[in-house]
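Here are some comments on the model you sent, set out as numbered points. They begin with a single residue pair and work outwards to the chain as a whole.

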Amino acid sequence: MIYSKNYYLDIFKVDLPVLDNLVSTGLSGGGSYCDLFFENTTYGSLLLRDGAVTSGGSHIDFGVGIRVLSGEKTGYAYSESTALQDMLACARSAAQIADSSSEVSPYGTPNPSRGEPNPKADRYPMEKPWRECSMKAFLPFLTTLEKKVREKDGRVVKVMATLAFQVTDVLMYNSSRELKWDTRPMGSVSVTAVFTQEGKMENKSTSRSFRTGAEMLTEALAEEISADVVSDIDARFQAIRPKGGKMPVVMGAGASGILLHEAMGHAFEADFNRKGTSIFSDKMGRQICPRGINIIDDGTIGQNRGSLNYDDEGIPGQKTYMVEDGVLTSYLHDRLSAAHYGVKPTGNGRRESFRYAPIPRMRATYMESGTAKASDLIAGVKKGIYVDEFSNGQVKIGEGDFTFFVKSGYLIEGGRLTAPVKDINIIGNGPQALADIIGVADDLTIDPGAWTCGKEQSVPVSCGIPTVLVKSLTVGGE
Amino acid sequence: MRLDSKEIELAKYCMQFALQNGADQVRITLTKSLLNLVGVLNGEVDKVSHALDRSIQLNLFVDGRYGTFSSNKLDKEGLEAFITDAITIVRMIEPDSYRSLPSPSRVAQNATSGLELDLYDPEYESMTAEKSRALALGSSTFLSFRPSEARGEIFWNLISEEGEYSDSIFDSVTIDSNGLFARHTETSFEIGYEVTVEDRKGNRYSGYWWDATPRLKDLKIDDCSATAIQRARAQIGPKGIRSGKYTVVIDSECASKLLTPVLNALGGFSLQQKNSFMDGTIGKKVFPENLTIMDLPHSKGETGSRLFDSEGVATKETAIIEKGVVKEYFLNTYIAAKMGMEPTVEDATRVKVMPAGGCKTKEDILAKVQDCILVTGFNGGNSNSATGNFSYGIEGFMVREGKIAFPVKEALMTGDFLTLWNNLIFAAEDARLCMSKLIPSIAFAGVDISA
């Protein structure tokens, strides 16, 4: 949502002369660039447990972060008050990063972000703004959701459902005199169900998260989530831990895109490359995977959890090709890394809140569809693993090594999905796995779950992938 | 920079305001923290930051209903409006007869100054930007580094070095409408370095080391970067291993990964939701005789000590598991009421795994077991809270005849926690005091490793 400029100036009780004063103070030590990030966030939550919505609350987070750059060095301070004396003290703290030598700013390039935000180009308008709704109106959604879960599977013994929403007003200003503003909504519904069968317990969780207003809370959404959380429970009770070893792995479309985010996406973030820690830091312009593969980080998908009208440095949200036709073509940049590499920022400067300086972060990361059919990819595997969904992935940025837990999947035997598998890990190396992709299907799916990336700070992201066949990965089983 | 009397009075005012405007019971927690951080990149200061936070959290019990609220806008008028709205919201939620404040007989009586646990270092007040920069740079080795080839060793090169030094103070006051007043103050000084090294083939390896302490004089700065480099270097040239059952020694640095899920499974929330593999184990011997785990929250001057939990309930020194018998579930007032059990505390505070098997250090254990896998880190994986099954990626070394033979690659450790802990053979006495959980190097027999 994009309101009028005065809406934001009023919230934060500032005007342009005050903003200029703060920026001047930030640069008083000789810094080359200064920016201000004002934030006003309202959070709300309701929790259904044991059949009733018996817990809820709301939270307010308000403040301003002031950053001063001196060359590639960062000074950062924040204030939870927008009283002028508090903000000036904060600007003076951030100014300490600079030495007395005044530097020419490499960050001052005003384009492409000059110009006032355009409400017509808003990627997340709200029909029912969360802050204008009574929380009482949300209770029936959760009780309906619980009822649907229980109706769909008699083995359910516990259901816990959460509705969380937040609305964040931001106002950004910098020493290039660029002023940007935005209001970012986010609604998330998650549900966990515990099942019992013949004395055994299993659980399953699912979620949906969108940048939208309360209009997302529909009967159809409750139906979709409830169907998802009970799906494949038979397989979970029957699942085995298979024999391990090196074998082909087919990654299902959608949620397994988290592997792309963790194992490759982070290594494309420019700060890791600027510091020389990423395994891709010397591979720009080189072929890193088979031709035909395109990998994208996209901030432009309407209502997507990772989308942004502007990033947290006031750069317009955009779609960035990191890999085109198998060639590494771009890192993900904030202003600092873009200046280092002499390229334009890609709109990836993001932060958890005003308490943090922005760093390069992903938005919605996915691989574009290929031309194969998912069924053909599976049919081509004599013995391997099909993964529906990963969880708890971890990657070592320098080495590129990753380990991912398989939340749900199946054995592939003779080109067919056979026994369900669980409690196994897939281990590999990011660049090697990319190079070993031998098939990409035509079924790209962006997962609608509530993904949060935790690199130093937590930010909402999303991920997606078409069905992909990797020639060989290590599967850890029995 | 501790909370001042005006701020504490504001918290008391908010409590009275809530009571006068419809709340039946109220708990308020007021916090204030200040953190100064200096970042170092490749031997030069790269980042400074200054962070002052204040926040008020309200737990409101209204007409048999309950809600939690917080704000960092601490002006009196704004808070009045916020509390009024909060009470309106609580009234929309469904009633829950199990919600109440803890009984006054259970809350902390001895946490009035916040300084009782000796976690506050007056030296903090004399820190300056110059001192902090010197401490941050004090460990750096980047600028003096020469490639190892120049020293006649197998080639490796230091690609990057990132370090951070920070000092902080945290102060909190928790009050409730039953008369609770509990305060906790602590300072913290932390240093951490992460490095990336490269071998001749261009393969990269990262290493990390850190230290933290409530008192500046105890902070070990000098060897931080050097230790990180040593840990990175040690990983050069990893080899695959065969799948099978191995004796596994877990370095103290990462051992909490194997205990935390057990502690979580003893938590009331998991138990009440039937999502715990420890359900029904209280009072039963489900672990071996050689396993005793204590909660020691009153250790003066040690990181993680607390006199009270988030409800203000007094912590106590107690056995969680004693000679294999489960002695404690972690049940707050609400969960205990729902489960029809006696409440305890919300969570374990400062866990200590007691020595077993007669080895004092990791090296002692390696000398005893001779052939094993030494796990120095975990990389991904997961555990199932309902079944206790786990599967973790591991980093570490093959050990032969008590000596490290080579680093291992692409290996996984799998099993279930009850079986794993029943195969405990050693627990050393080498837990680092900077960790909030005192888990030493530990050894298990017959662990499934797949590779």
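**Notes on the contact and on chain B**

1. In this predicted model, a good place to begin is A:His59, which stands opposite B:Ser70 in S3(B). The strands concerned deserve a look together: strand S2 (residues 52–70) of chain A and S3(B) run parallel and are joined by five bridges.

2. Turning to the contact in full, chain A contributes 58 residues and chain B contributes 51 residues. On the side of chain B that touches chain A, the elements that each supply at least two residues include helix H2 (76–92), strand S2 (44–62), strand S3 (65–71) and strand S4 (156–176), and they also include strand S12 (372–383), strand S13 (389–400) and strand S14 (403–416), from later in chain B. Which element gives the most to this side of chain B? It is S2(B), with nine residues.

3. As to the class of residue on that side of chain B, 24 are polar, 16 are nonpolar and 11 are charged.

4. For chain B itself, the secondary structure amounts to 16 strands and nine helices. Its radius of gyration is 25 Å, close to the 22 Å that the globule rule gives for 451 residues, so chain B is as compact as a globular protein of that length. The C-alpha trace of chain B spans about 75 × 55 × 35 Å along its principal axes.

5. Two further values describe the interior of chain B: 51% of its 451 residues count as buried, and, among contacts between residues at least 6 apart in sequence, 72% join residues at least 24 apart.

Key. Residues numbered from 1 in each chain as written. Chains lettered and ligands numbered in written order. Predicted model: local features only at pLDDT ≥ 70, side-chain atom pairs only at ≥ 80, totals over all residues. Contact = placed C-beta atoms within 7 Å. Helix = DSSP H or I, 4+ residues; strand = E, 2+ residues; numbered from the N terminus. Nonpolar A, V, L, I, M, F, W, Y, C, P; charged D, E, K, R; others polar. Pairing = 2+ DSSP bridges. Rg over C-alpha atoms; globule rule 2.2 N^0.38 Å. Buried ≥ 20, exposed ≤ 12 C-beta atoms within 10 Å, placed from the backbone.
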